[in-house]
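Welcome to a short set of exercises on reading a protein model. Keep your viewer open and try each task before you look at its solution.

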Amino acid sequence: MGATVISPTYLSAYLLLLCLVCSLKEGYAMGRRATVAESHHLEHSHTIQVSSLLPSSICSPATKVLECVCDAWFPLSVLDKKSSLQVVHKHGPCSQLYHHDKANIPTHAEILLQDVARVKSIHSKLAKSLGSTKVDQTDAANIPAKDGSVVGSGNYVVTVGLGTPKKDLTLIFDTGSDITWTQCQPCVGTCYKQQDPVFAPSLSSTYSNISCSSTTCNSLASATGNTPGCSSSACVYGIQYGDSSFSVGIFAKEKLTLTSTDVFDDFLFGCGQNNQGLFGGAAGLIGLGRDKLSLPSQTASKYKKYFSYCLPSSASSTGFLSFGYGGVSKFVKFTTLTTLSQGASFYGIDIVGISVGGKKLPISASVFTAGGAIIDSGTVITRLPPTAYTALSSEFRKLMSRYPKAQPLSILDTCYDFTKFSSVSVPKISIFFSGGVEVPIAAKGILYVNTISQVCLAFAGNTDDTEVGIFGNTQQKTLQVVYDGVGGKLGFATGGCT
């Protein structure tokens, strides 16, 4: 006699009921054993073991999707996760790139310096209408840094397959970019050092160039900010980032394999023959922006521009990038996506408020609307209007007054020395979005750790309130972030990968 299989619907409902019952029991127990003051402190602060802030050299994979049962988290393996890729930090022990080039892992000061350059590039792109520049296959210097995409490319990587037979490539994924590209043989100019073997289109039976006279070639202008070129009738793309990193090569189509069951023929991508930059050994980049050449747009017939990801709690853990509706938390809350006039490929959001330690900060709504905001997987530190950041840091400092201060770290000016403490109590922070959506930031998303003697509030202020705000990847850690491109919605759920 075969084993009885519990239906996914029944199991989800049962777990939800258990969670509700246990939450009520826990709330009753807390009410009996804690004073009002103690209860308020527990409710509005994180207790963090200082040892947990130290980096680990051991990879500890996280479960992809979890649900709460009596204060514990259980994997819901019954959820459809077949269209899912593992996400790792490119500089962490879960990444092959980490083991490939340990000597060149940047310092935190260098990471933050690159982050400043990326944010400046985003602000520059959104501040004015950009001109277009013709690109040449071998001369990337013709592409001004002000054009094209934002600087850098993010911290998180996934592995996909390209070509026939399939070759696995580790690529950075970036919601602030549109075009997907990888380094290709032969290198006409230079190719930077990467961990995977460089893709050889001549060895793939499904590769073909895009003609420079085609409408597909002309569509590159909106995705890269540059007018495409032509080389022996083949379409030439070029994209340069604000730190002088670039990729130039042949625009082509190829078979893309995301998972064993998710394979796409004729996927449009850049086959880079002249590449240079700070890509951390990755083979290239996956563009998850809103342009018609981005991966969500090219796979829209299957996934309906619906994808989600969870960025791991630390560089020594793992997260996921999933396409389609499968595996999305039942507790996701959606806010409306907006479109910025000068940056239609960015995912615009409406931030309406901030709370620290359970207290909503008295910030006028006009402060957040002056410049608008975007969510970006490639920006490390969340940028706020200076008026909002000043209110946030002031309240945070007041609640952290028991801890000795430390020197600022680059753009982070609110730092502490925890060397004499085994555990610390850090006020909870929530960001509020339009539609009544409150997103509590995970404990690991509030602090940026250089050393135990220099642990900083992981937020920074823009130069003025009219610059666009950015919800960065440090604050997105462990959240399941859901993009509904067709529905024009952005969703958040806590406990995405814990």
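The exercises below cover a cavity, a sheet and a pocket, and the model they use is a predicted one.

**Exercise 1. The largest cavity**

Task: Find out how many cavities of 30 Å³ or more the structure holds, then describe the lining of the largest cavity by class.

Solution:
- Step 1. Start with the search of the whole structure, which gives 2 cavities of 30 Å³ or more.
- Step 2. Take the largest cavity, which holds about 50 Å³ of space.
- Step 3. Select its lining: Val160, Leu162, Leu169, Leu171, Thr180, Trp181, Thr182, Leu256, Phe267 and Phe269.
- Step 4. Map these residues onto elements. Two or more lining residues come from each of β5 (156-162), β6 (167-174), β7 (181-183) and β12 (262-276).
- Step 5. Sort the lining by class: 8 residues are nonpolar, 2 are polar and none is charged.

**Exercise 2. A sheet and its helix**

Task: Work out the strand order of the open sheet that contains β26, and identify which strands helix α10 lies across.

Solution:
- Step 1. Follow the pairing from strand to strand. The open sheet has 4 strands, ordered β20-β19-β26-β27, with antiparallel pairing.
- Step 2. Look for strands that pair on one side only; these edge strands are β20 (359-360) and β27 (437-440).
- Step 3. Examine one pair in detail. β26, residues 429-433, joins β27 through 4 bridges in the antiparallel sense, and Phe432 has Glu438 of β27 as its bridge partner.
- Step 4. Add helix α10 (residues 386-399), which lies across β19 (351-356), β20 and β26. The helix runs at about 15 degrees to β19.

**Exercise 3. The second largest pocket**

Task: Describe the lining of the second largest pocket and explain why this pocket lies between two domains.

Solution:
- Step 1. Begin with the volume, about 840 Å³.
- Step 2. Move to the lining of 34 residues; Pro55, His108, Ser314, Ala315 and Lys477 lie nearest the centre of the pocket.
- Step 3. Ask which elements supply at least two lining residues each: α4 (108-127), α11 (443-446), β28 (447-451) and α12 (473-476) do. Of the elements, β28 gives the most, with 4 residues.
- Step 4. Divide the lining by class, which gives 16 nonpolar, 16 polar and 2 charged residues.
- Step 5. Bring in the domains. Domain 1 (82-126 + 152-321) and domain 2 (328-494) both contribute residues to the lining, so the pocket lies between them.

Technical notes. Residues numbered from 1 in each chain as written. Predicted model: local features only at pLDDT ≥ 70, side-chain atom pairs only at ≥ 80, totals over all residues. Heavy atoms only, no water. 1 Å grid on protein atoms, 1.4 Å probe; cavity = no way out; pocket = protein on both sides within 12 Å on 5 of 7 lines; lining within 4 Å. Points joined across faces, edges and corners; volume = space filled by probe spheres on them. Nonpolar A, V, L, I, M, F, W, Y, C, P; charged D, E, K, R; others polar. Pairing = 2+ DSSP bridges. Contact = heavy atoms within 4.5 Å. Axes fitted to C-alpha atoms, helices over the stretch in contact; angles between N-to-C directions. Domains from an automatic or database assignment.
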